[in-house]
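Open your viewer and keep the selection box handy. We will move from stop to stop, selecting a few residues each time.

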Amino acid sequence: MNSGTGFGEYIRLCSRRSPLLAAMVGVAFTFVFVYLIVTTPVQYVFQGKLRMVAEITPQTISDQSDLASISTAAANTVIGLIENSDTVGLALTETHLENDIDAAAFANERVNAERINESDIIQVTVVYDNSDTQATTFTYNLLTVTCDKIAATSFYGTAFTGEIVDTGRMIERRGAFMPSLLTALYWALGALALFLLMQLIALSTDKTLRSNDKFLRLTKVPIIASIPAFTRFGNNERAGQRISNAYRVLRSSIKYSQDKVRSVAICSPSPRDGRTSVAVGLATALAETDAMVLLIEADLRRPNVSMEMHVESTFGLADLLLGKTNLANTICKTSNRNLYVITGINNTSLNNINISDLLDSAVFDELLEAVQGQFDYVVIDTPSVELAPDATSIIGKVDCAVAVAQYGHTKVDAIRTALDVFTASGGKLIGVCTTNTPQHSGLFASLSAYGSKGNSRHTRIAQKKNPINAVFGREDGKKGDIAQ
């Protein structure tokens, strides 16, 4: 597992939930885009022009100057007249649209008039939805109504008439595609921001295992192996190789521990931490070294080994401990010639039996003593500490134990509680194996490691305690955990 700062944990969380990001952004963009494409009308922009003509002829230069001032004031008045709701309402009535369109809103949003280059020509621009024919008619009627109002109005004692210069022509057709696309992109960015905020809140309130460095600070217990998460995307062969290599690292941690190990218990703080998968993977990795390995399923409450190993047996551990069969009839062969299995429950109902007492009995002690004389390694899959105290009695009877914690699932508080229980049992816990550990490369690897110290004090302590570093020539600790 990559260790790093809170920013690195945030990047890893976002990358793990990238399918949710894609869904949120995709749904927001598609829904808004399709909705706007369907509901947004096509707009037609029409322009018409009219000229204001004074009914007097200036005789002197002074009269010309006065007329120019009056014409400017009159033009500004006419511009306000054109954009007035009453004028627009009359034009809509002439176009037979008075009941379909709000004149005040249309005048405010869709009609614009302006004087062209300080001349006596006023340009009128109309934005109309859906129908270019109605837009043509309305623009002409607006110019006609304006000319009638000009003729009926006296501007500072001077009469003017209006002449239509251009009855109206389309200058632009505004489709719905680009506005809908831009709006949909804004919504997609909003969905992205919402996703990032959700992950930030989730990370700030999350109390699960997220990084090696944080775990070491909290527990002071070394992580001896990290099992990568298997994904359906990417190179499955490479992912499978990484998982196999991780189990070999775990195997080496067991084989090269300070004391000779013959039996190891695989424990976990809570259910669904991946404990059974680790037990099967470790047993398989040990069997690869030509050692005789026996895997015992001691989780009699939720047995899963037979499903994981694809084996069928007539008798299980419960039958053996209750004296219903012997050891020879209980041990099952697997496809690996060096690996054997004792499954949990087969023919026995344990409804009225105290399972903890059964696993803490002298019969179980005799079983361990017998199988350790026949096999090089005995791997025991124990129940989770959260469900039952069964694991504590087993830990005290084996050479060592490995705790399993799942990345993004196991609560740090549950790990602390389990470690206290393991210590109280008197057993030897050599370290923690993490499961479902995300592996990143390229950009995500750089971002997730951003700001991490990498060679922190806790990491160096864990490396010194972990003899696997010496096996792979990493006493200096500069390359960090070899499970990465």
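Which elements each supply at least two residues of the lining of the largest cavity? Select α3 (61-82) and β3 (121-129) to see the answer: each of them gives at least two lining residues. Bear in mind throughout that this is a predicted model.

**Stop 1: the cavity**

Now select the full lining: M52, S71, A75, R115, S119, D120, I121 and I122. The space they line has a volume of about 40 Å³. A search of the whole structure for cavities of 30 Å³ or more finds 1. Try colouring the lining by class. You should get 4 nonpolar, 2 polar and 2 charged residues.

**Stop 2: the largest nonpolar core**

Clear the selection and pick L317, L359, F364, L367 and I380. These residues have the most contacts inside the largest nonpolar core, which has 41 residues. In soluble globular proteins, nonpolar side chains tend to be buried together.

Zoom in on L367. What does L367 touch, leaving aside its neighbours within four places in sequence? Add L317, L320, L321, L327 and I342 to the view; L367 is in contact with each of these.

There is also a second, separate core, of 35 residues. Select A225, V278, V311 and C400, which are among its members.

**Stop 3: the aromatic rings**

Next, show the rings. The count comes to 8 aromatic pairs. Begin with F29 and F33. Is this pair stacked or edge-to-face? Turn the view until you see both rings side-on: the pair is stacked, with 5 degrees between the planes and 5.8 Å from centre to centre.

Trace the backbone between these two residues. F29 and F33 both sit in helix α2 (residues 18-39). They are 4 residues apart, so about one helical turn separates them. Switch on the surface and look for F29. This residue is partly exposed, with a relative accessible area of 24%.

Move on to F106 and Y128. Their ring centres are 6.0 Å apart. The planes meet at 65 degrees, so this pair is edge-to-face. Why does this pair tie together separate parts of the chain? F106 belongs to helix α5 (residues 103-110) and Y128 to strand β3, so the pair joins parts 22 residues apart in sequence. Are F106 and Y128 buried or exposed? Both are buried.

**Last stop: a ring cluster**

Go back to F29 and F33, and add F177. Ring pairs link these three residues into a cluster.

Terms used:
Residues are numbered from 1 along each chain as its sequence is written. This is a predicted model: local features need pLDDT of at least 70, side-chain atom pairs count only at pLDDT 80 or more; totals for chains, interfaces and linings use all residues. Side-chain values use heavy atoms; hydrogens and water are left out. On a 1 Å grid over the protein atoms alone, a cavity is a set of points where a 1.4 Å probe fits but cannot get out, and a pocket is an open set with protein on both sides within 12 Å along at least five of seven lines; lining residues have an atom within 4 Å of a point. Grid points are joined across faces, edges and corners, and a volume is the space filled by probe spheres set on the points. Ala, Val, Leu, Ile, Met, Phe, Trp, Tyr, Cys and Pro count as nonpolar, Asp, Glu, Lys and Arg as charged, and the others, Gly among them, as polar. A nonpolar core is a set of buried Ala, Val, Leu, Ile, Met, Phe, Trp, Tyr and Cys residues joined through side-chain atoms within 4.5 Å. Buried means under 20% relative accessible area, exposed over 50%, partly exposed in between (1.4 Å probe, protein chains only). Contact means heavy atoms within 4.5 Å. Rings of Phe, Tyr and Trp (its six-membered ring) pair if their centres lie within 6.5 Å; planes under 30 degrees apart count as stacked, over 60 as edge-to-face and the rest as tilted.
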